[in-house]
Amino acid sequence: MRFLTSDGLFNVINYCFLTIVFLATLYPFLNVLAISLNDSTDTVRGGIYIWPREWTLENYRTIFQYDHLVTGFINSVLRTVIGTVLGVFSSAMVAFTLSRADFQGRKFVSTMLVLTLYFTGGLIPGYMLMRELNLINTFWVYILPGMVNAFHIIIVRSFMDGLPYSLQESAKMDGANDFTIFWRIIMPLCTPVLATIALFVAVGQWNAWFDTYLYNGSNPDLTTLQYELMKILQNTTMGGSGDANAYRSISGEQAAQTVSPESIKMAISMVTVVPILLVYPFLQRFFVQGMTLGAVKS
């Protein structure tokens, strides 16, 4: 009876703690949503918590009046989808090669990959490399540099090291080549860790804007959503002193008169977070499995 009482007390404390953590995590999101849906003039008064005091969609309407936003959204979706698919596939292929005990250069390549986690060429050499590869002002500058990520490869390789090598040996006896083994056996077994990597890559691609600023800032056809939202926020915060030529329907001065920078920031945060947030529930269970199983050695 005492054991049951102690166990029940532990459950109560555990549920209370998790409830507090849940509310502490949920409150900032609800607060940002409430401010983004509240009248900007009223927001200056403060006191907005999880419910708008004066409902309005003017903050979102102001954002979507800017030019190139639709183009940026399309490019962001394309780079997220293409970059995620190619990034996950290439990382899995490299990890599969490094997980093979019969690969002669396994130790050397692994060492070189780990070194890239500590040392980089820097901003200027990176830009010069993109220029020499003729990737400036092209869409592929968003995709190719991120296809091979050392951190992702290490995670996937750790997961593959835990798979029985006898599976590959049995497939070879049945006449399967290396690519068949990789595609038909290894890839299905690595679904949890690949989903984890896919989430990492997708979030990184969706949130990226600095590469647009560096490589495609002068090309409006290759702009991204995050870059356009950054310009909107900068223009609104500076009271219209930003690049007024980038906008179509309203100028920065008009935006500053109708909405406050605080409201714009919150509306931009919601536009940025919601699309990628809708993807997470589909990958969440794989994310947990991938992070736990990938770290366990048999």
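How many of the residues of the chain, as a percentage, count as buried? Let's work that out first, then move on to some helices, rings and loops.

A word on the ground rules: the model is predicted, so local features need pLDDT of at least 70 and side-chain atom pairs count only at pLDDT 80 or more, while totals for chains, interfaces and linings use all residues. Residues are numbered from 1 along each chain as its sequence is written, and side-chain values use heavy atoms, with hydrogens and water left out.

**Exercise 1. Get an overview of the chain.**

Step 1. Start with burial, where buried means under 20% relative accessible area, exposed means over 50%, and partly exposed is in between (1.4 Å probe, protein chains only). Of the 298 residues, 37% count as buried.

Step 2. Now the secondary structure, taken from DSSP runs numbered from the N terminus (helices are H or I, at least four residues; strands are E, at least two). There are 14 helices and zero strands.

Step 3. Look at contacts, meaning heavy atoms within 4.5 Å. Among contacts with a separation of 6 or more, 72% come from residues 24 or more positions apart.

**Exercise 2. Describe how helix 7 packs on helix 10.**

Step 1. Two packed helices are described by the angle between their axes and the distance between the axes. Here the axes are lines fitted to C-alpha atoms over the stretch in contact, and angles run from 0 to 180 degrees between N-to-C directions.

Step 2. Helix 7 (residues 150-161) and helix 10 (residues 191-207) have axes 10 Å apart, at an angle of about 170 degrees. That makes helix 7 roughly antiparallel to helix 10. For the cut-offs, under 35 degrees is roughly parallel, over 145 roughly antiparallel, 65 to 115 roughly perpendicular, and the rest oblique.

Step 3. Find the residues that touch. Helix 7 brings Phe151, His152, Ile155, Val156 and Phe159, and helix 10 answers with Pro192, Val193, Leu194, Ile197, Phe200 and Val201.

Step 4. Sort them by type: 10 are nonpolar, one is polar and none is charged. The nonpolar group is Ala, Val, Leu, Ile, Met, Phe, Trp, Tyr, Cys and Pro; Asp, Glu, Lys and Arg are charged; the others, Gly among them, are polar.

**Exercise 3. Check the length and burial of helix 10.**

Step 1. The expected span of a helix is 1.5 Å times one less than its number of residues. With 17 residues, helix 10 should span 24 Å, and its end C-alpha atoms are 24 Å apart, which agrees.

Step 2. Since 12 of those 17 residues are buried, helix 10 is largely enclosed by the rest of the structure. The buried ones include Ala195, Leu199, Gln205 and Trp206.

**Exercise 4. Classify two aromatic pairs.**

Step 1. Rings of Phe, Tyr and Trp (its six-membered ring) pair if their centres lie within 6.5 Å; planes under 30 degrees apart are stacked, over 60 edge-to-face, and the rest tilted. By this rule the count comes to 14 aromatic pairs.

Step 2. Take phenylalanine 96 and phenylalanine 182: their ring centres are 5.4 Å apart and their planes are at 45 degrees, so the pair is tilted. This pair links distant parts of the chain, with phenylalanine 96 in helix 4 (residues 69-99) and phenylalanine 182 in helix 9 (residues 178-189), 86 residues apart. Both phenylalanine 96 and phenylalanine 182 are buried.

Step 3. Compare phenylalanine 139 and tryptophan 140, an edge-to-face pair with 6.2 Å centre to centre and 75 degrees between the planes. Phenylalanine 139 is buried at 16% relative accessibility, while tryptophan 140 is partly exposed at 42%.

Step 4. Look for a cluster. Ring pairs link Phe89, Phe96, Phe179, Phe182 and Trp183 into one.

**Exercise 5. Place tyrosine 60 and asparagine 134.**

Step 1. Tyrosine 60 sits in helix 3 (residues 58-63), and it counts as buried at 16% relative accessibility.

Step 2. Leaving aside neighbours within four places in sequence, tyrosine 60 contacts Leu33, Ser36, Leu37, Ala267, Met270 and Val271. The C-alpha atoms of tyrosine 60 and isoleucine 264 are separated by 7.9 Å, though the two are 204 residues apart along the chain.

Step 3. Asparagine 134 lies in the loop between helix 6 (123-132) and helix 7. Its phi is near 60 degrees, a positive value in a residue other than glycine. Asparagine 134 is exposed, with a relative accessible area of 62%.
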